[in-house]
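Okay, everyone, thanks for coming. I'll walk you through one structure today, so let's get it up on the screen.

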Amino acid sequence: MKELPKVTLTHLPTPVDEMPRLSAALGGPRLLVKRDDLTGLAFGGNKTRKLEYLVAEAQGHSARTLITAGAIQSNHCRQTAASARKAGMDCILVLSGEPPEMPEANTYLDVLLGAELVWTSLDERGEMLNQTYLEAEADGRSPFLIPYGGSSPVGAAAYAYAIREMLGQGVQPDWIVFATSSGGTQAGLAAGKRLFGYQGLVLGISVDEEAGKFGAMVTELAKDTTILLNNAINITKSEILVNDDYLGGGYAVMGEPEREAIHLFARHEGLLVDPVYTGRAAAGLIDLVRKGFFKKSDTVLFWHTGGQPALFAEKYRKTILTD
Ligand SMILES: Cc1ncc(COP(=O)(O)O)c(C=O)c1O
């Protein structure tokens with residue numbers, strides 16, 4: 001197994017905790033949580049795990065400026081900005097949305113971390129990202145493009161190694177359930193399952209994509225990740241389990257299921273999940289438990305991927321607080 005170069009940005013291993021009160025409240029199986037919201041850097045989350053390898057890759061190219069793109073409340077962008085600072089680099093973020101009068105939540109943290117923000121529309125984001133890269137290059141800033149969500153084979157490899165970390169903690173759940181969006185976390189976990197012999201199943205709750213095409217993309221990314229790690233495995237689409245029943249009103253639209261999940265996690269376990277990603281995945285987990293999808297004897301691990309700063313965005317705060 002190849003060990004990719006990395007820079008240390010996180011506090012690993014992240015803890016695995018029991019969620020007995022949530023499990024009792026739902027009448028469900030044993031529930032565990034893997035706390036990747038505690039990866040540590042600037043409120044943590046799953047992207048910091050990936051960025052340890054992506055920043056090392058950037059440094060391998062003698063880069064001095066990280067450039068990436070995302071939505072206005074992107075956790076990936078916030079963690080990229082913090083990672084750049086910790087590695088002594090600059091960061092430019094191409095954000096889709098209206099520039100806010102007063103930045104809040106993740107965008108507030110982007111500004112605090114000294115990232116340069118470029119605003120664009122969702123339709124023009126890709127083009128603006130290329131243009132921003134070319135300008136930075138022409139200005140002699142040695143830019144490096146971090147892919148959307150950090151979801152290249154290098155980024156996904158972090159989650160293959162994360163399976164090794166979990167097994168090393170003596171944890172062998174029957175299921176891993178988590179939020180999936182750009183696919184790198186899922187591709188990495190699926191690759192790690194095969195590479196390190198994890199026997200359980202890896203189930204992504206889709207945040208914003210329908211399962212068919214998305215599953216095909218994740219399959220390719222998982223395969224490419226095993227190739228990168230010098231251990232090519234022909235992962236098939238049937239191994240990539242994606243549930244798209246919880247897309248609700250679309251990306252970043254918090255509905256009643258997410259709101260209920262945020263309340264249940266907070267009030268039974270003192271755990272915070274976010275309105276966009278982990279709240280949606282938690283809502284899926286809760287619904288699947290209620291439907292009896294898991295066996296009572298199963299152990300189900302919710303892989304918490306972070307995202308809590310979005311809880312502070314005004315548009316969510318008001319709705320979350322109405323009982
Ligand atoms: C909090 C959180 N959870 C989950 C995800 C999804 O991870 P991935 O993009 O690797 O599918 C993201 C992506 O932005 C995220 O911010």
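So, the domain assignment of this chain gives two parts: domain 1, covering 16-45 + 152-321, and domain 2, covering 46-150. Before I go on, keep in mind that this is a predicted model. If you take the centres over C-alpha atoms, domain 1 and domain 2 sit 24 Å apart.

Let's start with domain 1 and its strands. What order do the six strands of the open sheet come in? Reading across, you get 1-2-10-7-8-9, and the pairing is mixed. At the edges you have strand 1 (16-18) and strand 9 (241-243), each pairing on one side only. From one strand to the next, the twist averages 30 degrees.

Now let's go through some of those pairs. Strand 1 and strand 2 (residues 30-35) run antiparallel, joined by three bridges. If you want a spot to click on, Val-16 has Lys-34 in strand 2 as its bridge partner.

Next pair along: strand 2 with strand 10, parallel this time, over six bridges. Here Arg-30 stands opposite Thr-299 in strand 10, and Val-33 stands opposite Phe-302, also in strand 10.

Hang on to Phe-302 for a second. Strand 10 also pairs with strand 7, again in the parallel sense, over three bridges. On that side, the bridge partner of Val-177 is Phe-302 in strand 10. So is strand 10 mostly covered or mostly exposed? Mostly covered: five of its six residues are buried.

Carrying on, strand 7 runs parallel to strand 8 (residues 201-206), with six bridges joining them. One to look at there is Ala-179, whose bridge partner in strand 8 is Ile-205. And there's a helix on this sheet: helix 10 (residues 278-290) packs on it, touching strand 7, strand 8, strand 9 and strand 10 (299-304). The direction of helix 10 makes about 140 degrees with that of strand 7.

Okay, over to the other sheet. This one is open too, with four strands in the order 5-4-3-6, and the pairing is parallel. Strand 5 (116-120) and strand 6 stand at the edges with a single partner strand each, so one side of each has no neighbour in the sheet. Neighbouring strands here are turned by 25 degrees against each other on average, ignoring direction.

Within that sheet, strand 4 (residues 90-96) and strand 5 run parallel and are joined by five bridges. Val-94, for instance, has Val-118 in strand 5 as its bridge partner. Then look for helix 5 (residues 125-138), which lies across strand 3 (65-71), strand 4, strand 5 and strand 6. Helix 5 runs at about 160 degrees to strand 4.

Right, how do the two domains meet? In domain 1, 27 residues are in contact with 26 residues of domain 2. Which elements give two or more residues to the side of domain 1 that touches domain 2? Those are helix 6 (153-168) and helix 7. Helix 6 gives the most, with six residues. By class, that side of domain 1 divides into 13 nonpolar, 12 polar and two charged residues.

While we're here, find Ser-152, in the loop between strand 6 (143-145) and helix 6. Why does Ser-152 count as buried? Because 23 other C-beta atoms lie within 10 Å, and the cut-off for buried is 20 or more. Also, Ser-152 and Lys-2 are 150 residues apart along the chain, with their C-alpha atoms separated by 16 Å.

Last stop, the ligand. There are 20 residues around the ligand, and the ones that come nearest are Asn-75, Ser-182, Thr-185, Thr-305 and Gly-307. Both domains take part: domain 1 and domain 2 each put at least three residues into that shell. By element, helix 3 (75-86), strand 7 (175-180) and helix 7 (184-196) each supply at least two. The largest share comes from helix 7, with three residues. You'll remember helix 7 from a moment ago, on the side of domain 1 that touches domain 2.

And what classes of residue make up the shell around the ligand? It's two nonpolar, 17 polar and one charged. If you take one picture away, make it that shell around the ligand, drawing on domain 1 and domain 2. Okay, that's me done, over to you.

Technical notes. Residues are numbered from 1 along each chain as its sequence is written. This is a predicted model: local features need pLDDT of at least 70, side-chain atom pairs count only at pLDDT 80 or more; totals for chains, interfaces and linings use all residues. A residue is near a molecule or strand if its C-beta atom, placed from the backbone, lies within 6 Å of it. Ala, Val, Leu, Ile, Met, Phe, Trp, Tyr, Cys and Pro count as nonpolar, Asp, Glu, Lys and Arg as charged, and the others, Gly among them, as polar. Domain bounds come from an automatic or database domain assignment. Two strands pair if DSSP finds at least two bridges between them. Axes are lines fitted to C-alpha atoms, for helices over the stretch in contact, and angles run from 0 to 180 degrees between N-to-C directions. Two residues are in contact if their C-beta atoms, placed from the backbone, lie within 7 Å. A residue is buried if 20 or more other C-beta atoms lie within 10 Å of its own, exposed if 12 or fewer, and partly exposed in between; C-beta atoms are placed from the backbone.
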